[in-house]
Amino acid sequence: PDPVRPPALDPEDEALPPLADLAESPPLSPVVISMLVREGWIVPHPSPEGDRFDRGDLGAVAAGLRLVEAGLPMAELLDLARRMDEAMDPVAHLAVDVFARFVRDSVEASAASTDEAASTLQRAVDEMLPATAELVGEHFRRLVVKHATARLVDE
């Protein structure tokens with residue numbers, strides 16, 4: 001996937017160090033960091049001091065490291081990540097289409113001004129994106145538990 005360059009970090013994230021500084025403990029090679037950026041799993045934000053990464057990226061790296069430390073080989077983790085991206089990308093595209101058809105179009109049709117529409121749409125995204133992430137994450141967790149339970153029963 002082609003990583004998308006986001007806008008500058010939120011003011012609350014401005015103090016975050018570059019990921020390379022955070023990679024010192026535990027050790028994380030610059031090659032792995034570059035690989036994660038290339039795969040689109042972390043997305044650098046440009047800043048005058050160099051690329052920075054937001055809290056979501058840092059959390060993703062920490063979660064990945066926990067999986068590797070628990071015994072999952074990095075190559076397997078990256079393969080799983082690639083497969084998940086391939087499966088989820090069309091669903092994300094559809095989610096954006098549904099949002100545009102049912103939320104954006106309605107807001108734009110009823111807003112008194114372009115500024116009002118933009119403000120209302122921003123609030124909708126700010127509310128809906130975390131809810132969507134929670135919904136998808138919880139569903140994935142349940143699927144993993146279901147398959148793990150079935151495997152344990154079979155074995």
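Glutamate 138 and arginine 142 form a salt bridge whose closest N and O atoms are 3.3 Å apart, a salt bridge being a side-chain nitrogen of Lys or Arg within 4 Å of a carboxyl oxygen of Asp or Glu. The model is predicted: local features need pLDDT of at least 70, side-chain atom pairs count only at pLDDT 80 or more, and totals for chains, interfaces and linings use all residues. Residues are numbered from 1 along each chain as its sequence is written, and side-chain values use heavy atoms, with hydrogens and water left out.

**Salt bridges**

The structure holds eight salt bridges, including the three tabulated here.

| Residue pair | Closest N to O distance |
|---|---|
| Glutamate 138 and arginine 142 | 3.3 Å |
| Arginine 141 and glutamate 138 | 2.6 Å |
| Arginine 104 and aspartate 105 | 3.0 Å |

Glutamate 138 and arginine 142 both belong to helix H5, four residues apart, or about one turn of the helix. Arginine 141 and glutamate 138 also both lie in H5, with a spacing of three residues, again about one turn. Helices (H or I, at least four residues) and strands (E, at least two) are DSSP runs, numbered from the N terminus.

Accessibility is classed as buried (under 20% relative accessible area), exposed (over 50%) or partly exposed (in between), with a 1.4 Å probe and protein chains only. Arginine 142 is exposed because its relative accessible area is 54%. Glutamate 138, at 27%, is partly exposed, and arginine 141 counts as partly exposed at 45%.

Arg104, Asp105 and Glu108 are linked in a network of salt bridges. Within this network, arginine 104 has a relative accessibility of 33% and therefore counts as partly exposed; aspartate 105 is partly exposed, with a relative accessible area of 33%.

**Packing of H4 and H5**

The axes of helix H4 (residues 74-110) and helix H5 (residues 114-154) come within 11 Å and cross at roughly 145 degrees. Axes are lines fitted to C-alpha atoms, for helices over the stretch in contact, and angles run from 0 to 180 degrees between N-to-C directions. On the H4 side, the contact (heavy atoms within 4.5 Å) is made by Met88, Phe99, Val103, Arg104, Val107 and Glu108. H5 contributes Ala117, Thr120, Leu121, Ala124, Val125, Met128 and Val136. By class, the contact of H4 with H5 comprises ten nonpolar, one polar and two charged residues. Here Ala, Val, Leu, Ile, Met, Phe, Trp, Tyr, Cys and Pro count as nonpolar, Asp, Glu, Lys and Arg as charged, and the others, Gly among them, as polar.

**Aspartate 57 and helix H2**

Aspartate 57 is placed in helix H3 (residues 55-69). Aspartate 57 counts as buried because its relative accessibility is 9%. A polar atom of the aspartate 57 side chain lies 3.3 Å from the backbone nitrogen of valine 43. Not counting residues up to four places away in sequence, aspartate 57 touches Trp41, Ile42 and Val43.

In helix H2 (residues 30-38), the buried residues are Val32, Ile33, Met35, Leu36 and Val37. Glycine 40, just after H2, takes a positive phi of about 85 degrees.

**Overall architecture**

The protein chain has five helices and zero strands, and its elements run α-α-α-α-α from the N terminus on. Of the 155 residues in the chain, 21% are buried. Among contacts between residues at least 6 apart in sequence, 60% join residues at least 24 apart.

Methods: A polar contact is a pair of N or O atoms within 3.5 Å; within protein, one must be able to donate a hydrogen and the other to accept it, and residues adjacent in sequence count only if both atoms are side-chain atoms.
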